[in-house]
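Open the model in your viewer and keep the selection tool at hand. The stops below go from a chain contact to individual strand pairs.

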Amino acid sequence: MLSQTADHLFWMARYTERAENTARMLDVNLQTSLLPQSEASAELLWRGILGICELQPQYDARFPALAPRDVLDFMASDPSNPSSIHSCLNAARENARAVRGTLTTEVWETINSTWLELKARLRGVEADPSQFFEWVKYRSHLSRGVMIGTMLKDEALYFSRLGTFLERADNTARILDVRYHALADQGTPDTGADDAVGRSIDFYHWAAVLRSVSAFEVYRKVYSNVITPARVAELLILREDMPRSLANCVNEAVTNLASVRNDLSRETERRAGLLQADLHYGRIDAILQQGLHAWLVNFLQRVNDLGDRISRDFLVPLATA
Amino acid sequence: MSSVLHTRAASAAFYDEMHADGAGAVRAHYRDFHSWLAAQSPESLAGKRAEADLIFHRVGITFAVYGDDAGTERLIPFDVIPRIIPAAEWKRLEAGLRQRVKALNRFIHDIYHGQSIVRAGVIPPEQIFCNAQYRPEMQGVDVAGDIYTHVAGIDVVRADDGELYVLEDNLRVPSGVSYMLENRKMMMRLFPELFARNKVAPVAHYPDLLLEDLRSVAPSGIREPTVVVLTPGMYNSAYFEHAFLAQQMGVELVEGKDLFVDDEQVFMRTTQGPHRVDVIYRRIDDDFLDPLAFRPDSNLGVPGLLSVCRAGRVTLANAIGSGVADDKSIYPYVPDMIKFYLDEKPLLKNVPTWQCRKKEHLAHVLARLHELVVKETHGAGGYGMLIGPAASKAEIEAFRARLSARPDSYIAQPTLALSACPTFVESGIAPRHIDLRPFVLSGKNVTIVPGGLTRVALRQGSLVVNSSQGGGTKDTWVLE
């Protein structure tokens, strides 16, 4: 497969996944902001979103103050924000368009329709943002499903899958990092508050985190127990059967990487394997002891490194030979 | 229910594809379609047209409009009323096209080898060697199978006498075949019942034929050739077609930057390292193919490509230098070529053409500018031409000055009353002028799928069918 083609497929999948996760984060913020809470903690929620995406400076340059409406607008429909849902769906579509011959007709038409429908959908954000986020999520499900359901199991699919899981690993880690931070700052750290009020607020916040990665029911099923931050972290980091967990994302990345292996990719595979082993044999208490934030920062670095190395090995070969 | 047929035009000074002469009797090959059409309401046709637009948008059969908002790509308008060609007429046309392309191919080979047609005095040497499309780099180079014109698009029009004329031979990178295929797909989707009632010859196997042809012209000694489609990129207006053909043939769609030349061979950069390329179906003009040989500012091409081509280690389709044969200044000689190379009588007519470089022709043209069409010999896309009857006095005078200053650059033809086909426009169904571009493939054999791209001038009275100037397209049916 052409390196250029693989590059487009990789980024097509990454942008689709990013649009979905941004929609998930915004939606859960919206839900959480309906809970009774102080103005300061509400503001913290919206700051969190910008923090996850490392967009605080860009936001501040455009808006005088932090307002939920403005953050929503900035993150959903602002074409000048490269991480907005609008920009991600556009980038996914442009990448797909560049390799439309490699995609099945269904995959291309799905991604193209999403883009064509976006304008009309964005007009409805103001009135019903949740419905818009739901739509983005389902379009992403559809893109992925059509890909798996119609594409030949060859490099085209493997590079797309690599893109999906590297992006998802990155996004899940960021969601967890910011939430954990925010909640810890509010004085509801790992051990949880003793008093009933504290616990109930805690519950709603962690339930929201779980919902943002479609893991609320999964949590109940896996633990049959009350929601604690440590278990939430374990579910999202270490559970290999949880589709949006870091462990699963890295497993999938390793498998797909092995399927596209070439002469240059040995070191990349080694690093991916090492990360996989850390998650496979890791324990949540050890991670929490080290400090979740520090651990997640290191994880993000390693995932970024994998992305860079995949680019170098496969997607943009520098030499002619 | 109101019928859609209420606005049929009275007979005019052009050939109507559906109705015979003034009485308005429906021609035999349109009879069945006509009775179906009479039962349709304008609302249902409009609904179908809207559905077609929606599908074309979703499929992305669109033109990128430069500097426009990314969401607003333009469609080439699609008309739901097909152009129908009866079997016997297609047979004659097909034979004529085959003959014409064979002769053109022989001509290009001759030009780059012995030049017997020049030595025989049939074509004056300056017409060839002073032509910008003549590539001295190809002189003496043998191309695989002696094939230059792997894909030819021959523009054919019907004049008021009912005869078909060849208007233009397109031998460089003719486009439009994807519209032929997609228009058919669309018609079958919108009106399946029509295809049950009419025996319409299928066209969907075109990509198979193209692939077979491309594989058949691989450099000698290569059993399993790697074929690629070379595109200028996704911002080219024909990008959809490039991607479509690559996908339908199951070959890679590449850009210049995906290819490189090493050790007298062409390679593409893949995720598994370099991979040799044997046949390039290129959709880039000669000028941009190789910055080392042609335009040095081209970043669409592949440095060194020409040298590999000359060494016979890669085949380009169409061959470099084919453009020498489709120039408007060479066009008047095509009937002579057919006689010269094939010793046959031309089956298809040329439009009578005055070559302004000839003194007596020029005088004739200057005296009758108001009734002629004058074209630049190197022009394309309907630009740089004068349509005498439609031009104002001032426009004619301005053109006269340009023509007198550089008569060598112009030819003139009578203004043809292109035939018209009923077309669904704002005011209902009305006749609009059309042309036809069948696609002729040359490999081991010459093959033509029954049909082509019918372009239609949607503006009333307009004779310009180019999509860049408000033209649309129709499905083209060859009845079996």
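Select the residues of chain B that touch chain A: in this predicted model, 24 residues of chain B are in contact with 24 residues of chain A. To see where the chain B side comes from, colour the elements that each give two or more residues to it: α2 (42–59), α9 (239–249), β7 (252–254), β8 (259–262), β9 (265–270) and β10 (273–277) of chain B. Colouring that side by residue class should show ten nonpolar, eight polar and six charged residues.

Next, keep two of those elements, β9(B) and β10(B). The two strands run antiparallel and are joined by five bridges. Follow the backbone from β9(B) into β10(B) and you pass through a hairpin of two residues. Which residue is the bridge partner of B:Phe267 in β10(B)? Select B:Arg276, which is that partner.

Now move along chain B to strand β18 (residues 420–425). Is this strand largely enclosed or open? Five of its six residues are buried, so β18 of chain B is largely enclosed by the rest of the structure.

Add strand β19 (residues 428–437) of chain B to the selection; β18(B) pairs with it in the antiparallel sense over six bridges. Here too the connection is a hairpin, with two residues between β18(B) and β19(B). To place one pair of residues across the two strands, select B:Cys421 and look opposite it for B:Arg432 in β19(B).

While the strands are on screen, look at the side chains as well: in a regular strand they alternate between the two faces of the sheet.

Notes:
Residues numbered from 1 in each chain as written. Chains lettered and ligands numbered in written order. Predicted model: local features only at pLDDT ≥ 70, side-chain atom pairs only at ≥ 80, totals over all residues. Contact = placed C-beta atoms within 7 Å. Helix = DSSP H or I, 4+ residues; strand = E, 2+ residues; numbered from the N terminus. Nonpolar A, V, L, I, M, F, W, Y, C, P; charged D, E, K, R; others polar. Pairing = 2+ DSSP bridges. Buried ≥ 20, exposed ≤ 12 C-beta atoms within 10 Å, placed from the backbone.
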